[in-house]
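This report concerns internal cavities, helix packing and charge pairing. Please consult the sequence and the structure shown here.

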Amino acid sequence: MNTRRIALIGLMTAVICVLGPISFPLPISPVPISLGVLGVLLASYLLGMKWGLVSCLVYLLIGLAGLPVFTGFSGGPGKVLGPTGGYLLGYIFLSASTGFFVGKWPAKWPMHLLGMVLGETVMYLFGTLWLGYLMKCSFVKALWMGVIPYIPADLIKIAITLTLGGLVRRRLMKAGFSD
């Protein structure tokens, strides 16, 4: 690990920390639409699986420690154990899947798209299971509360990541900041 990589990990962790609290509540769910997903996607897209995952884990630890980096400018164990906890845990899989597909197929955006969709699917699964457990509702009801309304926004986040992430990744590689 070199100074450049440490700086990029810190920078992308900061991006997740800035985007994570920005959220838009929905009246049908205790889970808001969060820009944290965009931050995790961008970090993993730019840093790859290993270092994107480190960036995501540092973000989660910062939030778990109580700094207000989660939705609604909140943090602490209560947030992780609350309705959004499953989605926060799912960030780990979103990060790993995105970073893996980008690293394995660096010039094939359809594979990047597949990695993000698979990662979001696992994130949604963890979030839905946890939300259903906490709300004492069926899996289908939890899907309608915590997944279905969020799909359009997450597709926009994926499109932003493919466009912006691809451009920044190429520039970082050209400048010698990335593999």
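A cavity is a set of points, on a 1 Å grid over the protein atoms alone, where a 1.4 Å probe fits but cannot get out. The model is predicted: local features need pLDDT of at least 70, side-chain atom pairs count only at pLDDT 80 or more, and totals for chains, interfaces and linings use all residues. Residues are numbered from 1 along each chain as its sequence is written, and side-chain values use heavy atoms, without hydrogens and water.

A search of the whole structure finds two cavities of 30 Å³ or more, a volume being the space filled by probe spheres set on the points, which are joined across faces, edges and corners. The largest has a volume of about 210 Å³. Of its 21 lining residues (an atom within 4 Å of a point), Val-31, Pro-32, Ser-34, Tyr-87 and Tyr-91 are the closest to its centre.

Helices α5 and α7 (DSSP runs of H or I, at least four residues) pack with a right-handed crossing. Their geometry is as follows.

| Helix pair | Angle | Axis distance |
|---|---|---|
| α5 (residues 109-135) and α7 (residues 151-174) | about 145° | 11 Å |

Axes are lines fitted to C-alpha atoms over the stretch in contact, and angles run from 0 to 180 degrees between N-to-C directions. A right-handed crossing has the near helix turned clockwise from the far one by less than a right angle.

In α7, Lys-157 forms a salt bridge with Asp-154 (side-chain nitrogen within 4 Å of a carboxyl oxygen), the closest N and O atoms being 2.9 Å apart. Lys-157 and Asp-154 are separated by about one helical turn because they lie three residues apart in α7.

Note on methods:
Helix = DSSP H or I, 4+ residues; strand = E, 2+ residues; numbered from the N terminus. 1 Å grid on protein atoms, 1.4 Å probe; cavity = no way out; pocket = protein on both sides within 12 Å on 5 of 7 lines; lining within 4 Å.
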